[in-house]
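Biologist: I would like a close look at one part of this model, the last helix and what it packs against. Please set it in the context of the whole chain, in plain terms.

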Amino acid sequence: MPSKTTEAPRQPATLAVNKVTKEDITASLKAGFSDFLARPVMSGFFGLFYALFGILFIWALVWLGKIWMVIPAAVGFPLVAPFAAAGLYEMSRRMQAGESFGWSDILTVMANQRKRELGWMAFTTLFIFWVWVYQIRLWLALILQDASFSDFDGFLNTVFFTPEGWTFLAIGTVVGAGLSAGLFSVTVIAMPMLLDRELDFVTAMITSVRVVTENPVTMLTWAAIISVTIVLSLVPAFLGLIFTLPILGHTTWHLYRRAVSPVEA
């Protein structure tokens with residue numbers, strides 16, 4: 001009887017990255033808005049859940065007396081948005097494929113992601129978020145060490161109306177921009193790709209970075225659109241996210257489909 005041999009796992013081939021233009025962003029935004037209008041209640045649910053979590057998160061910081069964390073948490077909170085949009089990616093995937101679906105279908109797919117590589121991407125995202133928060137704590141200790149943050153008004157006055165506060169804002173903005181750029185590069189395509197395909201999260205991150213580096217102007221434009229939209233959505237007590245997060249999530253799916261060649265049959 002011939003002996004059985006164990007086949008070594010095949011390394012994933014390099015995925016083909018396409019040229020992405022501003023026209024692709026426009027078309028993806030239109031498709032994302034159409035997906036939102038097609039299922040507004042379900043799409044809005046994910047936005048509402050994300051907004052309520054953000055409100056509770058900030059309220060908990062105030063209740064715990066962590067006043068210094070309120071602004072960095074509010075600014076950095078959108079960093080985890082790509083992971084929160086997993087259900088939106090699945091909705092767009094099914095609508096694009098012409099598949100019917102209900103609440104249980106989408107929630108089941110989201111629950112199953114803990115068994116797949118998307119869980120590692122979530123860990124990466126949360127890790128960078130905590131790096132963001134604690135680097136802010138470091139600059140607070142070094143620059144505003146004598147300041148008192150007994151209340152939120154006092155914190156705002158120190159940060160926005162003192163020379164030390166301006167220095168803190170300048171350094172925090174530069175460091176935060178670097179962290180955000182890095183996180184955007186490794187997640188913008190990787191998140192929807194991991195939901196769509198069976199591949200490891202390192203390959204997904206590398207592919208995402210390739211899309212950004214090979215289409216720097218276009219992807220920088222998309223990053224700017226996301227940043228401005230999210231910031232404006234935070235102004236009305238996070239409630240703008242009910243609408244903007246779903247549209248951005250659906251749009252990201254369609255941009256991913258344009259940026260990376262489809263799986264060969």
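Modeller: What follows starts with the whole chain, moves to the last helix and its partners, and ends with some single residues.

The model is predicted. The chain has 265 residues, and buried residues make up 45% of them. Its secondary structure comes to 13 helices and 0 strands, so the pattern read along the sequence is α-α-α-α-α-α-α-α-α-α-α-α-α. Among contacts between residues at least 6 apart in sequence, 77% join residues at least 24 apart.

Now to the helix you asked about. Helix H13 covers residues 241–259, and helix H5 covers residues 86–97. The axes of H5 and H13 come within 8 Å and cross at roughly 55 degrees. That angle makes H5 oblique to H13. The crossing of these two helices is right-handed. On the H5 side, the residues that meet H13 are Leu88, Tyr89, Met91, Ser92, Arg93, Met95 and Gln96. On the H13 side, they are Leu245, Pro246, Gly249, His250, Thr252, Trp253, His254 and Arg257. By class, the residues of this contact divide into 7 nonpolar, 6 polar and 2 charged.

H13 also packs against H12, at an angle of about 165 degrees and with the axes 9 Å apart. Angles over 145 degrees count as roughly antiparallel, and H12 and H13 are therefore roughly antiparallel to each other. Their crossing is left-handed, whereas that of H5 and H13 is right-handed. From H12, the contact uses Met219, Trp222, Ile226, Thr229, Ile230, Ser233 and Leu234. From H13, it uses Leu241, Thr244, Leu248, Thr251, Thr252 and Leu255. This contact has 8 nonpolar, 5 polar and no charged residues. Thr252 is listed in the contact of H13 with H5 and also in the contact of H13 with H12.

H12 in turn has another partner. Helix H1 (residues 22–38) and helix H12 (residues 216–234) pack at an angle of about 35 degrees, with 9 Å between their axes. Lys22, Ile25 and Leu29 of H1 meet Val217, Thr218, Thr221, Trp222 and Ile225 of H12. Sorted by class, the residues here are 5 nonpolar, 2 polar and 1 charged. Trp222 of H12 thus appears in the contact with H1 and in the contact with H13.

Next comes the interior. In soluble globular proteins, nonpolar side chains tend to be buried together. The largest nonpolar core of this model has 68 residues. Those with the most contacts inside this core are Met121, Ile189, Met193, Met219, Trp222 and Val260. Two of these names, Met219 and Trp222, belong to the H12 side of the contact with H13. The helix that gives the most to the core is H7, with 9 residues. Methionine 193 can be followed further: not counting residues up to four places away in sequence, methionine 193 touches Leu15, Leu199, Ala204, Thr207, Tyr256 and Val260.

H7 (residues 118–143) also holds glutamine 135. Glutamine 135 is buried because its relative accessible area is 10%, and buried means under 20%. Leaving aside neighbours within four places in sequence, glutamine 135 is in contact with Gly172, Val175 and Leu179.

Two further residues serve for comparison. Alanine 84 lies in helix H4 (residues 81–84). At 23% relative accessibility, alanine 84 counts as partly exposed. Alanine 84 and glycine 47 are 37 residues apart in sequence, and their C-alpha atoms are 8.8 Å apart in space. Leucine 107 lies in helix H6 (residues 103–112). Leucine 107 is partly exposed, with a relative accessible area of 40%. The C-alpha atoms of leucine 107 and glutamate 90 are separated by 9.5 Å, and these residues are 17 apart along the chain.

To return to your request, H13 packs against H12 in a roughly antiparallel way, and H5 is oblique to H13.

Note on methods
Residues numbered from 1 in each chain as written. Predicted model: local features only at pLDDT ≥ 70, side-chain atom pairs only at ≥ 80, totals over all residues. Heavy atoms only, no water. Axes fitted to C-alpha atoms, helices over the stretch in contact; angles between N-to-C directions. Helix = DSSP H or I, 4+ residues; strand = E, 2+ residues; numbered from the N terminus. Parallel < 35°, antiparallel > 145°, perpendicular 65-115°, else oblique. Left-handed = near helix turned anticlockwise from the far one by under 90°. Contact = heavy atoms within 4.5 Å. Nonpolar A, V, L, I, M, F, W, Y, C, P; charged D, E, K, R; others polar. Buried < 20%, exposed > 50% of the residue type's maximum accessible area, 1.4 Å probe, protein only. Core = buried A, V, L, I, M, F, W, Y, C linked by side-chain atoms within 4.5 Å.
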